[in-house]
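Please prepare a briefing on the structure shown below, with its points grouped by topic.

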Amino acid sequence: MMLFCFLAVYLFFLYVPLKQSMHMFQQNRYNKGRYRTWLVSYIRLSWKLIVKILLTLMLSYSLLLLQPTSMQEILLLMLVAIFAYISCKMEEERVYRKPLVKTARIHRLAILLYTLYGILLCLLHYFLSAAALILVTPFLFLSAWLMVLPAAWISEPLEMAIRNHYAADAAKLLRSNNALSIIGITGSYGKTSVKTILNELLSDVYYTLMTPGSYNNQMGITLTIRNKLERLHEVFLCEMGADHVKEIHDLMQFVKPQYGVVTSVGPQHLATFGSMENILHEKMQMIECLPADGIGFVNRDNAYIRTYSIQNTCRIVWFGMSEDADYRCCDIRYSEEGTSFTVIQEGQSHRFHTKLLGKHNVVNITCAIAVAHTLGVSWEIMALAVEKLPYIEHRLQVRKSFCTLLDDAYNSNPEGARCALEVLKQMKHQRFIITPGFLELGEQQEEEQYKLGEEIADSVDTAVLVGAVQTKSIAAGLADSGFPKERVHVCDSFQEALAIVQKQAQLQDCVLLENDLPDAFNH
């Protein structure tokens with residue numbers, strides 16, 4: 001009976017740290033290397049808080065050593081239960097920007113973690129005295145953050161088998177539809193926007209399916225195919241993401257598209273790729289893995305792509321603002337109604353209008369036009385579709401609230417941030433920015449953050465930075481550009497930043513929300 005009570009109380013005690021550690025593991029994309037890197041960084045930044053928690057717990061539990069031996073275990077269980085209850089209540093009140101998604105994988109991981117801790121707790125109860133348990137308990141609480149790693153390692157063969165089984169089934173479904181045109185889309189940034197825009201341009205002519213949101217890894221693509229692909233679908237728009245070498249190559253072997261799009265190449269995920277050469281080579285696998293009769297669409301404005309020697313004889317179509325692009329956008333004009341621009345192809349000019357803002361969105365639309373026109377969609381149909389394009393969620397999306405919000409919160413990058421600031425700069429009234437900066441730019445992180453500070457100084461009236469450590473270089477760029485100190489606010493959370501702006505902004509003012517990092521990376 002005592003063992004049962006001991007297990008119940010201690011597993012309850014471990015609930016919050018296990019939930020939080022699984023949450024951070026999920027935000028690190030279930031990648032052990034990413035999670036390990038994040039954990040080391042978190043410990044380095046928060047070691048004082050961790051030591052304080054550990055000392056508080058040790059002091060609290062050590063007081064039990066003053067009690068009679070016969071009472072120590074009962075009092076320990078009572079104290080652990082009280083602490084667990086308080087932790088749960090605090091966790092309920094905590095607000096996460098991106099809550100834990102209770103997927104089947106999280107459920108499997110939770111079962112494994114509780115099993116491992118159940119075994120460990122039985123051994124501790126059997127071999128340790130009550131006094132020793134009192135001293136071990138604080139370390140048990142913190143150990144949950146480490147236990148995720150061996151649990152992930154143990155479960156990896158099962159997870160791989162599950163992935164491979166479902167992927168093989170999805171591949172079979174794809175191959176069974178010989179009439180299906182498959183378009184692969186990748187890039188350091190812009191791929192979700194291009195996919196969404198292209199779907200709008202094609203859907204008046206074809207029955208299309210696209211991978212939803214950012215379902216751009218093997219499991220996301222597999223889920224889309226198995227749950228949504230129908231025999232009647234004519235075009236499948238498949239976004240492919242990567243933050244490691246070989247990921248695009250492997251996805252190309254899995255999906256086997258006839259058309260490939262590379263929207264851009266830049267230092268996104270530089271920390272995990274290791275070098276710009278690796279990023280460029282991996283993104284261009286989208287083109288180099290196409291069949292000989294396939295067609296590749298690539299951005300002529302991007303210096304990395306433009307100078308890359310493509311190892312494929314398939315047809316290449318260039319898009320962008322460059323004079324020698326096959327589909328060239330030019331004469332871009334902004335107004336309160338949106339953006340108008342011209343696309344030139346084979347000497348013929350075609351005028352378009354969209355409510356989307358920013359030069360990067362014009363290039364994204366031009367890319368989609370190039371693909372849609374190649375697939376036989378007329379200029380007239382495309383012009384109507386571009387006119388009706390909805391805002392793309394969290395990608396320079398205009399929203400009305402206490403003032404005008406330019407929501408560019410998804411996965412910010414240096415190029416996209418520059419375009420967003422260019423739009424903000426044209427606003428007539430007070431201009432605010434809320435940003436935590438960039439993520440995963442490797443050795444270029446501090447330099448790009450500093451440049452962002454300089455560009456913010458030239459474009460806004462008030463800057464609100466989220467995370468003192470994360471935004472240190474941005475603050476330095478602002479200061480060195482002579483931006484007034486009193487107009488820079490540094491806070492700990494997005495909610496706090498929004499509260500600061502709400503106190504100052506008027507209805508006619510504009511706020512740019514530039515990037516919104518997951519909870520794991522805000523510090």
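**Briefing**

Q345 is located in strand 8 (residues 338-345), where helices (H or I, at least four residues) and strands (E, at least two) are DSSP runs numbered from the N terminus. The model is predicted, so local features need pLDDT of at least 70 and side-chain atom pairs count only at pLDDT 80 or more, while totals for chains, interfaces and linings use all residues. Residues are numbered from 1 along each chain as its sequence is written, and side-chain values use heavy atoms, with hydrogens and water left out.

**Surroundings of Q345**

- With a relative accessibility of 11%, Q345 counts as buried; buried means under 20% relative accessible area, exposed over 50%, and partly exposed in between (1.4 Å probe, protein chains only).
- Leaving aside residues up to four places away in sequence, Q345 touches D326, Y327, H373 and W379, a contact being heavy atoms within 4.5 Å.

**Domains and annotated spans**

- The domain assignment of the protein chain yields domain 1 (1-160), domain 2 (177-388) and domain 3 (397-514); these bounds come from an automatic or database domain assignment.
- The centres of domain 1 and domain 2, taken over C-alpha atoms, are separated by 45 Å.
- According to the UniProt annotation "transmembrane region" (unreviewed entry), the residues covered are 6-25, 45-64, 70-88, 109-128 and 134-154. UniProt positions are given in the numbering used here, feature names are shortened, and annotations may be inferred rather than shown by experiment.
- Residues 6-25 are 95% helix and 0% strand, with end C-alpha atoms 28 Å apart.
- Residues 134-154 are 100% helix and 0% strand, and their end C-alpha atoms lie 29 Å apart.

**Aromatic and charged side chains**

- There are 15 aromatic pairs in the structure; rings of Phe, Tyr and Trp (its six-membered ring) pair if their centres lie within 6.5 Å, and planes under 30 degrees apart count as stacked, over 60 as edge-to-face and the rest as tilted.
- F6 and Y10 form a tilted pair, because their ring centres are 4.5 Å apart and their planes stand at 35 degrees.
- These two residues are four apart in helix 1 (residues 2-13), which means that about one helical turn separates F6 and Y10.
- F6 is buried, at a relative accessible area of 1%, and Y10 is buried with a relative accessible area of 1%.
- The pair of F352 and W379 is also tilted, with ring centres 6.2 Å apart and planes at 55 degrees.
- Because F352 lies in strand 9 (residues 348-354) and W379 in helix 15 (residues 379-387), this pair ties together parts that are 27 residues apart in sequence.
- Both F352 and W379 are buried.
- F25, Y30, Y35, W38, Y42 and W145 are linked into a cluster by ring pairs.
- The charged end of R300 sits over the ring of W318, 4.4 Å from its centre; the criterion is NZ of Lys or CZ of Arg within 6 Å of the ring centre and within 35 degrees of the ring normal.

**Helices 18 and 19**

- In helix 18 (residues 472-480), the buried residues are S473, I474, G477 and L478.
- They lie on the same side of helix 18, because they cover an arc of only 145 degrees around the axis, the arc being that of the directions from the helix axis to the C-beta atoms.
- The exposed residues K472, A479 and D480 are carried on the face of helix 18 turned away from its buried side.
- Helix 17 (445-457), strand 13 and strand 14 are among the elements covering the buried residues of helix 18.
- G482, just after helix 18, takes a positive phi of about 80 degrees.
- In helix 19 (residues 494-504), F494, A497, I500 and V501 are the buried residues.
- Their arc around the axis is only 120 degrees, so they are on the same side of helix 19.
- Strand 12 (431-435), strand 13 (462-466), strand 14 (488-491) and strand 15 (510-514) pack against the buried residues of helix 19.
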